[in-house]
Amino acid sequence: MDLVTPVFDQLQALGLPYQLIEHAPALTTEQADDFIAGLPGVRTKTLFLTNKKKTQFYLLIMDDRKQLDMEQFRELVGANRIRLASNASLEEKMALQPGLVSPFGLLFNQDHDIQVYIDAAIVSQECMTFHPNTNEKTIFIATPDLLTFLEKITYPAQIVTLA
């Protein structure tokens, strides 16, 4: 299944500009950062999380240098226990493989059951970077345009303050 073309088609349909950098496959966030060194934009990590019973799913976007305090996030979303979702859940919910998680995977969430959260610390940044469902490209998208994208595909982001 082509997971990349729908990303660009949706951005174009919404009239949202972006900058695209093509590069060798990035297997870590450090490698990805090396490929786009010197270009402005917050480097993000997007975590796909779930509760213990796998009845609630969360997509959390934050600065890739920040460590997540799972206990604090659990309290913010009001869940009993939260952990990284399994590779099988990632494949089932967003058709993605580990290392490719981004808000663009929401285009493939047929159950429309993922809640999106963004750390307040990066919302004020001019733009953010993401893989568009492949680790051979990086998209730079203005933060307001990312928020518009999420609204238009009916996944409004909730802004949270992470420690």
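This passage describes the pocket, the nonpolar cores and selected residues of a predicted model.

The largest pocket of the model has a volume of about 630 Å³. Its lining comprises 28 residues, and those nearest the centre of the pocket are Thr29, Thr46, Gly99, Leu100 and Val101. Two or more lining residues come from each of helix 2 (29–35), strand 2 (42–51), helix 4 (87–94) and strand 6 (127–130). Of the elements, strand 2 contributes the most to this lining, with 6 residues. Sorted by class, the lining of the largest pocket holds 13 nonpolar, 11 polar and 4 charged residues.

Nonpolar side chains in soluble globular proteins tend to be buried together. In this model the largest nonpolar core contains 33 residues, and Phe48, Met94 and Leu106 have the most contacts inside it. At least two residues of this core are supplied by each of helix 1 (5–13), strand 2, strand 3 (57–63), helix 4, strand 5, strand 6, strand 7 (137–142) and helix 6 (143–152). Apart from the largest core lies another, of 13 residues, which includes Met62, Leu68, Phe73 and Ile82. With residues up to four places away in sequence left out, phenylalanine 48 touches Phe57, Tyr58, Leu59, Leu84, Ala85, Ser89, Leu90, Lys93, Met94, Val101 and Ile114. Met94 is thus among the contacts of phenylalanine 48 and is also one of the residues with the most contacts inside the largest core. Val101, another contact of phenylalanine 48, is one of the residues nearest the centre of the largest pocket.

Helix 3 spans residues 70–77, and its residues Gln72, Phe73, Arg74 and Val77 are buried. The buried residues of this helix pack against strand 2, strand 3, strand 4 (82–84) and strand 5. One of them, Phe73, belongs to the core of 13 residues. At the start of helix 3, the backbone nitrogen of glutamate 71 has a side-chain oxygen of aspartate 69 within 3.1 Å. After the helix comes glycine 78, with a positive phi near 70 degrees.

Valine 77 is part of helix 3. Its relative accessibility is 17%, and valine 77 therefore counts as buried, the limit being under 20%. Beyond residues up to four places away in sequence, valine 77 touches Tyr58, Ile82 and Tyr117. Of these contacts, tyrosine 117 is 40 residues from valine 77 in sequence, while the two C-alpha atoms are 9.3 Å apart in space. Ile82, also touched by valine 77, is among the residues of the 13-residue core.

Aspartate 119 is located in strand 5 (residues 114–119). This residue is classed as buried because its relative accessibility is 1%. A polar atom of the aspartate 119 side chain lies 3.2 Å from the backbone nitrogen of leucine 162. Leu162 also appears among the residues that aspartate 119 touches, together with Ile61, Met62, Lys66, Val160 and Thr161, when residues up to four places away in sequence are not counted. Met62, in turn, is one of the residues of the 13-residue core.

Most residues other than glycine have a negative phi. Lysine 54 has a positive phi, near 60 degrees, and is a residue other than glycine. It is placed in the loop between strand 2 and strand 3. Lysine 54 has a relative accessible area of 42% and so is partly exposed. Alanine 95, likewise not a glycine, has a positive phi of about 60 degrees. The loop between helix 4 and strand 5 holds alanine 95. Because its relative accessibility is 15%, alanine 95 counts as buried.

Two further residues illustrate separations in space. Aspartate 9 is in helix 1 and counts as partly exposed, at 45% relative accessibility. Between the C-alpha atoms of aspartate 9 and aspartate 69 there are 35 Å, with their positions 60 residues apart along the chain. Glycine 38 sits in the loop between helix 2 and strand 2 and counts as exposed, at 79% relative accessibility. Glycine 38 and glutamine 125 are 87 residues apart along the chain, and their C-alpha atoms are separated by 16 Å.

Note on methods:
Residues numbered from 1 in each chain as written. Predicted model: local features only at pLDDT ≥ 70, side-chain atom pairs only at ≥ 80, totals over all residues. Heavy atoms only, no water. 1 Å grid on protein atoms, 1.4 Å probe; cavity = no way out; pocket = protein on both sides within 12 Å on 5 of 7 lines; lining within 4 Å. Points joined across faces, edges and corners; volume = space filled by probe spheres on them. Helix = DSSP H or I, 4+ residues; strand = E, 2+ residues; numbered from the N terminus. Nonpolar A, V, L, I, M, F, W, Y, C, P; charged D, E, K, R; others polar. Buried < 20%, exposed > 50% of the residue type's maximum accessible area, 1.4 Å probe, protein only. Polar contact = N/O pair within 3.5 Å; in protein donor to acceptor, adjacent residues only side chain to side chain. Contact = heavy atoms within 4.5 Å. Core = buried A, V, L, I, M, F, W, Y, C linked by side-chain atoms within 4.5 Å.
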